Amino acid sequence: MNEVTIVGLLVDVIAFGVLLYLAALGELVAEKAGVLNLGVEGMMAIGGVAAFWSGVQFGSPLVGLIVAGIAAGLLALVHALVAVVLGADQVVSGLALTIFGLGLSAFLGKEYVSLPPVEQFGTLPLGSLRELRIIGPILFDQPWVAWLAAALGFLTWFVLERTRVGLGLRAVGENAATADAAGQSVTVTRVAAVVVGGVLAGFSGAFLVLNLAKGWTEGVTAGRGWIAVALVIFGAWRPGRTAIGALLFGGLLALEPRLQTFGVEVSPILVSMLPYAITIGVLVVFSIQSRHRPSAAPAAIGRAYRREER
Amino acid sequence: MFGLSLAKRDEPLWGGQTRSVLTGVLIALVLGALLLWLNGNDPVEVYLKMAESAFGSKRAISNTLTRAVPLGLAGLAVAVAGSMGLWNIGAEGQIIAGAIAGAWVARVLPDAGGAVLIPLMLIGAVVGGGLLALLPAVARARLGVNEIITTLMLNEIILRVVRYLVNGAWKDPLSLGFPQAPALPAQAALPGLFERSNIGLLIAAAVLAAFGVYSARSKWGYELRLAGSSEKTAQYAGISLKRKIVTVLTLSGAIAGLAGGIELTGSSNRLVEGVANGWGFAGIIVAALALMRPSGVAAVAVAFGAVQVGGLAIQTTGVPSSIASILQALILFGALAAGVFSQYRLVRANSTSMAVASV
Amino acid sequence: MLAVELQGIWKRFPGVIANAGASLAVQAGSVHAVLGENGAGKTTLMNVLAGVYRADEGSVKLYGQERRFSSPADAIGAGVAMVHQEFRLIPTFTVAENVALGASPMMLRKREMEQQVADLADRFGLHTDPGREVWNLSMGERQRVEILKALWRDAKILILDEPTAVLTPDEADELGRIVAAMAADDRSIIFISHKLGEVTRFCDEATVLRGGATVASSLPVETLNAGMLAELMVGESTAVSQRRVRTNPATDTAVLAVENLTVRDLHGIATVDGVSLQVNEGEILGIAGVAGNGQRPLADAVAGLVDTESGSIQLAGEALSGTGPKARIAAGLAYVPEDRLGVGLAPKLTVTENAIIRSYGTTGSGPMVDRAIARDQCESLVDQYNVKIGGVDRPIAGLSGGNLQRLLVGRELATEPKVLIAAQPTRGLDVQGVKAIQDVLVAQAEAGVSILLISEDLDELLALSDRVMVMREGQVTAEFEASQATRALVGAAMAGSAHQEAS
């Protein structure tokens with residue numbers, strides 16, 4: 001192993017980490033407000049196809065990101081209407097959203113399959129920082145979306161922990177009736193959180209299609225949306241811990257194709273199981289801990305709320 | 001929102017769930033038509049072609065029923081767990097586990113006769129699906145670990161197990177690099193009935209009918225519904241919840257495993273990565289539309305089988321087959337909405353709390 | 001100056017008139033007691049004032065100004081806050097976060113916020129640690145957080161709904177001091193209660209409700225006495241429950257014998273702490289106590305719903321310890337739990353399915369439920385106990401409280417038990433319902449069934465029981481024969497010996 005391979009690996013660790021982090025951050029926001037959205041996979045796919053369409057039309061990755069965010073946000077709005085406003089079951093609605101999003105993206109994207117790549121997210125003009133040995137390529141030569149992801153992670157933490165909006169959102173996710181009694185509109189909060197979650201999943205899909213897969217194919221998401229769902233649990237619903245998890249799980253994704261060059265005699269397919277296996281392990285540990293203190297999971301997750309008179 | 005809110009109706013609307021599902025179908029057809037029209041297709045033509053290819057001939061009906069088999073069994077698996085309030089999101093993975101176990105039986109006993117091999121493969125499939133569900137079942141019963149996430153994660157894990165097998169240890173040397181296991185011995189194929197249908201259809205119909213009756217009429221089914229209505233009440237009635245959770249989730253996995261076994265011996269004839277083909281996820285929608293009642297699963301499964309067959313058939317006319325997924329999801333969204341509106345009605349909100357909340 | 005003036009308040013719910021022209025007038029800067037029996041309409045009236053319900057008729061005036069609230073947020077905006085019996089706190093939030101929720105500046109500065117909450121708490125003598133998460137706190141501490149929430153919003157009018165029900169005596173005294181400090185700050189406190197002792201100690205004036213209407217308003221508490229209050233709350237003096245007269249004296253064969261029973265909750269706290277008791281054949285043993293002093297875990301432990309740490313339970317000489325609920329039912333135990341719709345019945349299932357919860361194992365010999373037998377059983381319960389239902393195949397959730405309880409009690413008695421545990425059997429029922437259930441209990445005792453009666457309604461206990469035991473902090477602290485048990489004595493024991501002289 002030489003410096004080049006290691007640097008190459010770490011560049012990919014960050015790239016895959018960013019991919020997973022954006023989607024997981026979106027899911028985290030929705031879950032913090034008490035809405036489980038199992039439609040991440042579908043929202044990422046819609047974001048991906050929207051970004052590719054935009055790339056073909058306008059060529060600008062920034063426009064692509066915005067279009068992807070809007071498209072996936074609109075898709076998330078379906079879940080918000082069905083599961084939040086109408087109060088139908090969140091699990092079923094979310095899974096249907098995945099099926100719908102995968103189907104719709106395939107339908108809309110059929111003409112884009114195996115087209116050549118469109119313009120990628122570029123790097124920031126950081127000048128000589130990019131030339132630095134090792135940390136230059138790993139940190140400063142990354143596409144600007146990586147910086148955006150970091151900034152969004154910090155912003156999410158700040159809003160959740162340090163603002164009135166975040167306090168209200170967390171309250172809605174812990175106990176909707178209490179939040180309602182304190183004057184926080186449960187419906188508005190949850191709809192907004194689900195839509196924000198969709199926008200972030202759309203960003204993730206755009207980054208996947210433009211920079212990582214470098215093109216659109218049906219099924220391009222390949223289960224990454226489920227890793228994002230797992231990451232939120234691994235990160236114990238905290239943006240910071242989720243970022244560490246994103247780097248870890250992203251690291252596993254980056255490691256997969258390289259194992260053989262590193263001379264490790266383990267099938268990359270088996271390594272690719274690890275994120276899910278680790279998540280099951282973490283969940284078991286949380287469950288054991290929650291015998292002595294409240295669980296890290298938002299208490300009202302999965303529960304619809306309707307204000308009713310006696 | 002929008003100055004409107006939901007108020008509970010004194011009496012639910014007539015027709016119950018049947019009405020909701022039909023409303024969902026109608027909504028899906030209208031929205032799907034819009035999408036097809038925007039895509040430059042004639043929606044009526046497409047729908048007619050879909051209907052014809054799903055029901056228009058003996059062969060068409062056979063195709064529809066062949067797809068209804070895994071959909072129905074997966075739906076039943078989800079519904080059995082769901083009637084106790086448990087979510088088995090892992091039917092997709094349990095189908096794969098069933099197929100792996102069935103294929104393993106065929107590998108171990110390549111020379112057994114069909115009368116021995118087929119039953120053993122199906123039993124293996126049942127055991128395989130059940131085993132995969134056992135871990136989430138025990139974790140839920142003993143530690144309270146949320147089964148939604150564990151079953152979901154196991155889907156992804158078992159998918160990689162089958163990928164590993166068909167790319168490695170079990171790879172067919174004659175497949176020219178194609179990731180698939182060798183074809184099963186000829187005697188391992190389920191005997192045919194008509195056209196593409198085989199006795200897997202009868203097995204599935206029998207299992208669905210048996211569970212439909214048993215869960216509605218038996219003491220076991222009663223305990224299930226009691227536990228699904230209220231865990232504390234079930235405990236009060238002396239039902240051991242822990243044991244019930246383990247048996248029901250494992251049984252749920254076993255039913256999905258059977259679907260994998262039938263798919264293996266009846267259709268795919270060899271272990272491939274895509275053996276579950278999304279049926280496990282579609283089964284969740286089937287079960288939700290049947291309100292988790294095993295007795296309602298079969299009808300919804302046939303309808304979804306028809307949509308899928310129709311979706312594949314119209315590919316030849318240039319319409320993407322993904323229209324089938326879109327329609328299935330839209331039927332669910334429509335039915336969920338209709339279900340809510342059969343119990344609630346829109347009223348003008350008399351609350352001004354919104355204004356206060358958005359200071 | 002009147003802080004609150006409610007006039008002619010009517011509030012109807014389907015099938016129930018909760019308030020029938022009730023009125024209330026509270027002086028600014030005073031502590032005003034609202035008294036009444038369960039179901040007298042106190043909570044509904046307060047919910048109207050707090051914006052939870054809208055009155056069908058009547059006017060709400062604050063400081064002389066007419067108000068109409070359409071949500072709790074409206075009422076809070078006008079300076080009215082209510083501390084409900086069920087606390088509305090978020091366990092994983094800190095005290096400060098709970099206090100500031102919905103009423104904070106846009107940016108939260110943690111330290112600053114905690115300091116502000118601490119300062120506010122100090123002003124009124126509320127001891128609390130603003131940085132602690134609420135799940136760590138005792139019930140008394142949680143109540144102080146609720147009060148802080150109201151003060152944080154600068155509520156001028158505070159409604160405390162039976163605030164002492166969950167408190168230890170020391171905590172109740174502290175609450176009294178806090179309430180006084182708030183009144184001294186020119187706030188008005190409405191104190192809902194049905195305990196005379198604390199009303200005379202903590203309050204200035206009292207208003208009494210009965211049947212949804214006001215029967216006495218703004219009486220100075222010095223003029224109150226137990227007899228008069230009972231008469232106001234219950235109506236004509238004959239309506240005070242008469243002690244039942246046994247026609248068939250209890251024998252002294254112990255049917256249910258509990259020895260040294262200890263139960264711990266999830267946090268390792270002994271909720272039942274070395275309790276021993278026995279109930280003889282045909283006897284009604286009453287268990288008195290302030291809510292949350294171990295009555296519920298005791299009942300659950302005897303019924304086999306929770307694990308016990310130590311001790312033994314015997315029914316007619318048969319050891320029950322370690323067996324599950326089914327074995328105990330088979331041994332002759334029946335249980336009417338406190339939480340009817342959450343434990344005793346399954347709300348989503350039909351009337352028939354609920355009627356066979358005890359008997360489904362024997363409806364039909366094979367694995368199937370014989371639907372004809374199930375239906376017969378259901379119909380005979382419905383007839384015998386006069387349960388009003390929409391149909392045997394309709395979900396049970398639509399039934400009224402009284403009908404639910406008739407069905408539940410009937411179903412339990414259909415097992416022909418030797419021992420019946422009845423927990424809060426008449427809570428929340430209308431007068432007819434209460435009488436029907438009490439009559440059934442007495443008739444069963446006369447027929448030889450041993451009954452463990454757990455109730456927070458002291459009059460009910462005194463009227464029905466042959467013996468009364470008092471539970472406090474998980475232990476049996478006193479026992480009285482029916483002939484010696486008086487309200488004052490039992491009430492004093494419930495409050496703890498240190499407070500005997502105060503009652």
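Two residues count as being in contact when heavy atoms of theirs lie within 4.5 Å. Keep that in mind for these close-ups, which all come from a predicted model.

**View 1. Chain B meets chain A.**
Here 50 residues of chain B are in contact with 49 residues of chain A. Put the two chains together and about 4300 Å² gets buried between them, with carbon and sulfur atoms giving 82% of that area. Hunting for salt bridges across this interface? The rule finds zero between chain B and chain A. What turns up instead is polar contact: seven residue pairs across the interface of chain B and chain A, with both residues at pLDDT 80 or more.

**View 2. The face that chain B turns to chain A.**
Which helix of chain B gives the most residues to the side that touches chain A? First, the list of elements that give two or more residues to that side: helix 1 (16–38), helix 5 (114–143), helix 6 (147–167), helix 11 (279–289), helix 13 (323–343) and helix 14 (353–357) of chain B. Helix 6 of chain B gives the most, with 13 residues. Sort this side of chain B by class and you get 36 nonpolar, 10 polar and four charged residues.

**View 3. Chain A meets chain C.**
Now look at the contact that takes 23 residues from chain A and 29 residues from chain C. Between them, chain A and chain C bury about 2300 Å², and 62% of it is on carbon and sulfur atoms. Five residue pairs are in polar contact across the interface of chain A and chain C, again with both at pLDDT 80 or more. On the chain A side, helix 6 (144–162), helix 7 (164–174) and helix 8 (176–181) each supply at least two residues. Helix 7 of chain A has the largest share, seven residues. By class, the side of chain A that touches chain C splits into eight nonpolar, six polar and nine charged residues.

**View 4. A salt bridge between chains.**
Side chains of opposite charge can pair when their charged atoms come close. How many salt bridges does the rule find across the interface of chain A and chain C? Just one. In this salt bridge, the side chains of C:Glu97 and A:Arg170 meet at 3.1 Å, N to O. Counting over all chains, the structure holds 38 salt bridges. C:Glu97 sits in helix 3 (residues 95–100) of chain C and A:Arg170 in helix 7 of chain A, so this pair joins two chains.

**View 5. The open sheet of chain C.**
Four strands of chain C line up in the order 2-1-4-5, with antiparallel pairing, to make an open sheet. Why do strand 2 (16–27) and strand 5 (65–67) of chain C each have a side without a neighbour in the sheet? They stand at the edges and have a single partner strand each, so one side of each is left free of a sheet neighbour. From one strand to the next, the twist averages 25°.

**View 6. A strand pair and a helix on the sheet.**
Strand 4 (residues 57–62) and strand 5 of chain C pair in the antiparallel sense over three bridges. To spot one, find C:Lys61, whose bridge partner in strand 5 is C:Glu66. Helix 1 (residues 42–49) of chain C packs on the sheet and touches strand 1 (2–13), strand 2 and strand 4 of chain C. The direction of helix 1 makes about 115° with that of strand 1 of chain C.

Methods. Residues numbered from 1 in each chain as written. Chains lettered and ligands numbered in written order. Predicted model: local features only at pLDDT ≥ 70, side-chain atom pairs only at ≥ 80, totals over all residues. Heavy atoms only, no water. Pairing = 2+ DSSP bridges. Axes fitted to C-alpha atoms, helices over the stretch in contact; angles between N-to-C directions. Buried area = accessible area lost by both parts, 1.4 Å probe. Salt bridge = Lys/Arg side-chain N within 4 Å of Asp/Glu carboxyl O. Polar contact = N/O pair within 3.5 Å; in protein donor to acceptor, adjacent residues only side chain to side chain. Nonpolar A, V, L, I, M, F, W, Y, C, P; charged D, E, K, R; others polar.
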